[in-house]
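Trainee: Could you take me through the metal site in this one, slowly? I'd like to know how it is built, and then what else is worth a look around the chain.

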Amino acid sequence: MTLRLYDTATREERDFVPMTAGKAGIYLCGPTVQSAPHVGHLRSAVAFDVLQRWLERSGYAVTLVRNVTDIDDKTLAKAADAGWEWWAWALRYEREFQAAYAAVGVKAPAAEPRATGHIPEILGMIERLVANGHAYEQGGSVYFDVRSFVGYGALTRQALDDLSPAQDAPLEDKRDTHDFALWKARKDDEPATASWDSPWGPGRPGWHIECSAMAHRYLGEEFDIHGGGLDLRFPHHENEQAQSRAAGYGFARLWMHSAWVTQSGAKMSKSLGNGLLVSEVLAEHEPAALRLALAAVHYRSMLEYSPSTLDEASAQWARFQGFVARASEKVGAPSAATVATAELPAAFVEAMDDDLGVPRALAVIHETVRAGNAALTAGDDAAVAAALLAARSMLDVLGLDPGAPEWAGEKAGASDAAMGALDFLVKADIEARAAARAAKDWATADAIRDRLAGAGIVISDGADGARWSLASES
Ligand SMILES: [Zn+2]
């Protein structure tokens, strides 16, 4: 079975056919870095991170480009209100976004281009559009001439006359109210640092052109997949496609859009006052639980966020972690290379190949963990080892392998050597305690246990003998 993905442009699931065998180029619209990231912002990053991981597990070399919109009207306005330089304001939030992405295990993209770092590419594309008659200058600004391009509206299947005007510039400057700005002439109240020289005078890029210019620079005239949040379909992606194709480029062959995080049915956003800042959520919950909550709902379905969303995800995560810890202790942990290359259960592969069916894939993982826990109880080590490897391999595809270094928490935070030395010392004490108990020397056995407890080490007795853990973990 081949990977099938839902193409938002054709509105159907299609076989993924890469332009170049074994390779996948993806352009993902990244953040506008004007305020702190909230949970809703992380959803598309996690969705496309799962896509990248699944493509890689399926043998593709993935080049994922995720841009940073580091200049726009809101960034300039907010920075001015706060008395900041706009570029310092943008960088501050760019760092917050990067930290939030990294916290929930989103892989760093192959390229993370900033709009302001690509003014020559942006100017080059605008000049091309002016030269071929798809754009015109007016008052130092340049607009895309939507009537000149017959494919305008094709992505979102909208007729031009049904659309509301593009509100990105004074309508009287435009030939048609739907024309949108490619280049914005500098306004007197904007800082000089927010403008660049151009053939039409000083100014700055409109929002949409940066993505066309940067996709072209890093992925070429045509590439496999363009992604983003559902809210970007119009006008942003419609405009990206129109200007790139009008410039003579094939642009994206397949479009994917992730749905919103909603609260009480409304899109989560700061303007609604219902934003949940990532920093606030992570103060109370493990990052892996947040990732699991965001990934667990199919990427094309709305994720209704409630106070119980994270509690449920945390409980699921604890179940995965607990099984992996117990099974590893019993039969030993497989190496990272083994986890990354093990054969995956057919039902899991089928679910992932069907437009990234993570809910069904998670059901297979839960079934595997259930079977693994039963094998632990039954003392069937071979079945425990098989379930451990299968569970970790599947969770690895979702970026949620509890055995991976990023999620190993405190235990991995201490160096492996230090943990190894501690394990050696504590096990010697555990053996001495077992010997004392066997000799019915309860006073000595209790003294050893109390001494370890005083050092923050908890001993628990089980059918297989005593185990230890750090008190801070239990
Ligand atoms: Zn974009």
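What angles do the four donor atoms around the zinc ion subtend, and what does that make the arrangement?

Mentor: Before the angles, a word on what you're looking at. This is a predicted model, where local features need pLDDT of at least 70 and side-chain atom pairs count only at pLDDT 80 or more, while totals for chains, interfaces and linings use all residues. Residues are numbered from 1 along each chain as its sequence is written, and side-chain values use heavy atoms, with hydrogens and water left out.

Now the site. Cys-29 (SG), Cys-211 (SG), His-236 (NE2) and Glu-240 (OE) coordinate the zinc ion at 2.0 to 2.4 Å. Donors here are N, O and S atoms within 2.8 Å of the metal (3.2 Å for Na, K and Ca), and with no water among the atoms a site may look incomplete. The angles run from 74 to 130°, which makes the arrangement irregular. For four donors, tetrahedral needs all angles between 85 and 135 degrees; four count as square planar and six as octahedral if opposite donors are over 155 degrees apart and all others between 65 and 115; anything else is irregular.

Along the chain, the donors follow the spacing C-x181-C-x24-H-x3-E. Cys-29 sits in the loop between strand 3 (23–28) and helix 1 (39–57), and Glu-240 sits in helix 6 (residues 233–246), so the metal links distant parts of the chain, 211 residues apart. Helices (H or I, at least four residues) and strands (E, at least two) are DSSP runs numbered from the N terminus. Cys-29 and Glu-240 are both buried, meaning under 20% relative accessible area; exposed is over 50% and partly exposed in between (1.4 Å probe, protein chains only).

From there, look at the nonpolar packing. The largest nonpolar core (buried Ala, Val, Leu, Ile, Met, Phe, Trp, Tyr and Cys joined through side-chain atoms within 4.5 Å) has 50 residues, and Phe-348 is one of those touching the most other members. Helix 13 (residues 381–397) gives the most to this core, eight residues. Domain 1 (4–258) and domain 2 (266–408) both contribute, so the core lies between them; those bounds come from an automatic or database domain assignment. Beyond four places in sequence, Phe-348 is in contact (heavy atoms within 4.5 Å) with residues including Trp-54, Ile-365 and Met-394. A second, separate core of 34 residues includes Leu-42, Ala-194, Val-278 and Ala-313.

Then the charges. There are 29 salt bridges, each a Lys or Arg side-chain nitrogen within 4 Å of an Asp or Glu carboxyl oxygen. Arg-175 pairs with Asp-145 at 3.5 Å, N to O; Arg-175 is exposed, at 61% relative accessible area, whereas Asp-145 is buried, at 12%. Asp-168 and Lys-174 meet at 2.6 Å, N to O. There the Lys-174 end is buried, at 8%, and Asp-168 is partly exposed, at 23%. Finally, Lys-187 bridges to Glu-190, with the closest N and O atoms 3.7 Å apart, and both belong to a salt-bridge network with Asp-73, Lys-184 and Arg-204.
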